[in-house]
Amino acid sequence: MMSYLKLTNFELSRFFKMYLVLIGITLVMQTLSVVWTANNYLGEINEQLSSGSTVEEAINGWGLFSFDFITRGFWFSAPILLCIASLLIYVFFIWYRDWLGKNTFAYRLFMLPTARLNVFLAKATAIFLMVLGLISIQLVFLTIENELMKMIVPNTFREDLTINEIINGFDYLRVLYPVSFIQFFINYGIGFMAVIVVFTGILFERSFRWKGIILGVLFSGIALIVFFLPILLHETILNHFFYPTELFILMLISGLIVIAGSIWMSNYLLNKKIRV
Amino acid sequence: MIEVKDITKKFGRKKVLNGVSFTANKGEITCLIGINGVGKTTVLNAIMNLTPINSGEILIDGNKINKDSYEKITFIPDAITMLPSMKISDAMTFMADFYNAWNQTRADELLSFFKLDANERISSLSKGNTAKVNMLLGLALDVDYLLMDEPFSGIDIFSREQIAEVFTSHLVEDRGVIITTHEINDIEHLIDKAVLLNDGVVLREFNAEEVRETEGKSIIDVMREVYHA
Amino acid sequence: MLVKRFWKLITLTIVIIVVLIAYFIQTSLVVANQFPELELKTISGDESVIKNIQISGDYYDQSNYSSAVMVTDEGSTYREKLSYFEYLEATFPPNEVASFKDEYRNFMRNKWMSPSSYFDNEEYLAYVGVDVATERFNTIYHHDYFFEVDVLNKTTNKSNAFKIKVPGQADYSDVQVMDVQLVNGELKVVTDIGYYHNEQHVYELMVYTIDLSTNKITGDDTLLAVENNEEGDWDGWTDISLLNDYRDISEQKYLLLQKSENKKPESVSQESHNEDGVVEAGWGVTDRAFFLYNLETEEFNPINLSDIHRNELLSTDDVTGHMNDSHAYITYVIEGKLKVLDIRLDDFSVGSDIVFNWDELDISDATQVKMNEDKIYVMERFKNYKDPAKVIVGDMATGDLLYEGEIVMKDVDDETENYELQFYNMVIN
């Protein structure tokens, strides 16, 4: 347990600078986008006011300013997409960086007097914590940015939204921040499962190299089929036999089977097949 | 005792090891000698369970390797096993963090013996100093067995002398050591046992002193005989 | 020491936990306050008659929150406020057959929850659904329609499930089950069939008889059929409809049918089509005829109405039908009054009118009328700002008002102009 925690902390440390940079980029870009969008809007309003329009006419023309104006902009979404892309790449890089280049850190990791599975679990946990961390920090940023927007745009021209309304106004934010905790658990559980399956695929490649890529893809395919098996059966030969709750429980079980199977397979590969 | 029993290893269709057997005792320096091929490193990797073998068995003090074995046996590969971004002190902290066998006093001793600065980053070290750090990280563990892969290759003459000195010191003492090399000039006098490998098979395994006494031959003499035959 | 060493891990974990907990608490509070609590407030009368009614509808908010809602005498339930699993599982708002899912869980697997497909009595629960297999030849689609039959014997807990092809269906384009009845061991499937014939759109109201000992269709009876010119020039059309409450799943011996003739009005404009694209009836109705069909004897009888009733029925478009053991009822709204025509099933004679004065009760025209045993239930379909939806219950035999109530917001502060409530069904258990 202690080794697992130490390794997790270590894996976090290895990406931490990059992680802080990602957070920094997000904060800077989103803050600038708040300032820029709000000022743009006020500029248009002022122009109209100075050309003799009343406040009502200006509002009718440009609409009330709300945070949706900001979330719809490129500079708001870009850092989110950048963070997602970085973490997706890092899912692979977290393993390959131990093999590639001059350093042979994989030697060290696999010669540690602890179960090699801990290395696997620590890497998975690190990815997971970093994902949840970004999600949480983005929520904090949203709150701050919302307040900042209120400071820039005067009351008259503003329609205030709560964090939930901001999230509602944007489809992909709803996927990241579901309303119900169970839905949150499902979304991120599936994400976690996918990370574990990809890790297993990587270990296949690291164990058997070229042949391993095929095995890894095959394994991921089987994992996908196993996970969706209840739905596949339900839609085909079982002719909609299950009730939604039953299907949910079966999917939960199939998901757990995929996670357990992947971890078991990874443990096997790490102990019996891995090559440094 | 490390027992390597009839191990076979294939890379694709190529047999790199084809029924290799030998033993290495505690308190002795066993040298895996091969003039070409990758078999030597593969043997060490196989002992450490860093590469799977196709058949055969490896026992360490009668047991198959497991996670606890890494407190008893360690491996110093020919490249550094720490992140280049780390300072030497970070690397030592990392080792101390994970190994019960880590001996800080000995680590400090080695640090001054090798004249290394703990605040230097691994990435900024010379080849020779990198090899020394690598050596330090292995030697500072209180383990029974030490495996070293080509500890003298590609480094300058002074570093080589310094490293060779280690073998005669109390730092190695009664441990079992397996080293691989393709040129044994620097360390011939240190070797207790030689295992001559070629094309994946053991051509000869012999005790250096015995051969010297009974046949009056040095290891190099035996090598000439074996490899030129 | 430990904190210092693991500070990254600890900080990140704490940030995640704190922020996410705060987020989910805040979200649940938002959801809890998103939809106003509704209640059925009694104005006068006996509250016990509304003990078992469920009124279902939809709530829309100006900021795009919407939710199905159910109101009972105990308050309101919103679909969006259900727990995750309730949301997943429940037929919401619950309809007449929703509770079967709990009682006969296995029987109810893979069945449409449409009440018109069900029949329920002490001994049996019967289901007839329509399954369609579609084949495509270039641009032409060919449909094969099947009845999916399943009859549960409640005493033995065994069910008899089979699939049977709907007969004579060369070119059917629509097959719908309107009602299912079990009469003397035979299933009567009231079916609405549509197809094109000689460029005319044909509607037929059929009753198929399925023998449950052989699982075969042993008879079909076309009750009413009409042909309409679907496109092009038309100056009139004919409607046929089953007036029995299609949501009623209990035993009914008679089918109450209506055939209406509609004339193209003098100036038919686009506005005469409502949102669903359906031509609004009403000012074009030139004739309404009513029939009773006995499912047991297969007798088909017209109902003879007085001239007064006939004329009144031509100037209203809110005609509904109801049925109990000994009577059939036709209701319609005229001049601010709800009239109920009472038809005896033994001799098809029309008794004296029962009248509920809507103007006095301040009820608008947009209502739903339901009957249960000897009571009539009426609810208004809309509730908006400061205008509650009325619910009244009357006695069919005497015409007395038994209950008067209204659906209002529990918390008056919730009343804003920014919402709309629409009710579409009333389930009386």
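Begin with chain A of this predicted model and colour its two domains separately: the centres of domain 1 and domain 2 of chain A, taken over C-alpha atoms, are separated by 28 Å. To make that selection, take residues 1-177 of chain A as domain 1 and residues 179-276 of chain A as domain 2.

Next, look at where these two parts of chain A meet, and show the side chains there. On one side of this boundary are 16 residues of domain 1 of chain A, which are in contact with 14 residues of domain 2 of chain A. If you stay on the domain 1 side and select by element, the ones that give two or more residues to it are helix H4 (74-96), helix H5 (105-110) and helix H6 (116-152) of chain A. Of these elements, H6(A) deserves a separate colour, since seven residues, the largest share of this side of domain 1, come from H6(A). Colouring the residues on the domain 1 side by chemical class then gives 13 nonpolar residues, one polar residue and two charged residues.

Now bring chain C into view together with chain A. Two pairs of chains are in contact in the model, and the pair sharing the most contacts is that of chains A and C. Which helices of chain C each supply at least two residues of the side that touches chain A? Before selecting them, mark the whole contact, in which 22 residues of chain C meet 30 residues of chain A. The helices to select on the chain C side are helix H2 (7-34) and helix H3 (84-89) of chain C, each of which supplies at least two residues. H2(C) provides 14 residues, the largest share of the side of chain C that touches chain A. By class, this side of chain C holds 14 nonpolar, five polar and three charged residues.

Finally, hide the other chains and select chain B, whose secondary structure comprises seven helices and nine strands. Turning chain B along its principal axes, you will find that its C-alpha trace spans about 50 × 35 × 30 Å. The radius of gyration of chain B is 17 Å, which agrees with the value near 17 Å that a compact globule of 229 residues would have. Buried residues account for 40% of the 229 residues in chain B. Among the contacts in chain B between residues at least 6 apart in sequence, 72% join residues at least 24 apart.

As a last stop, show chain C again beside chain B: these two chains do not touch, and their nearest C-alpha atoms are 11 Å apart.

Methods. Residues are numbered from 1 along each chain as its sequence is written. Chains are lettered from A and ligands numbered from 1 in the order in which they are written. This is a predicted model: local features need pLDDT of at least 70, side-chain atom pairs count only at pLDDT 80 or more; totals for chains, interfaces and linings use all residues. Two residues are in contact if their C-beta atoms, placed from the backbone, lie within 7 Å. Domain bounds come from an automatic or database domain assignment. Helices (H or I, at least four residues) and strands (E, at least two) are DSSP runs, numbered from the N terminus. Ala, Val, Leu, Ile, Met, Phe, Trp, Tyr, Cys and Pro count as nonpolar, Asp, Glu, Lys and Arg as charged, and the others, Gly among them, as polar. The radius of gyration is taken over C-alpha atoms; the globule rule is 2.2 Å times the number of residues to the power 0.38. A residue is buried if 20 or more other C-beta atoms lie within 10 Å of its own, exposed if 12 or fewer, and partly exposed in between; C-beta atoms are placed from the backbone.
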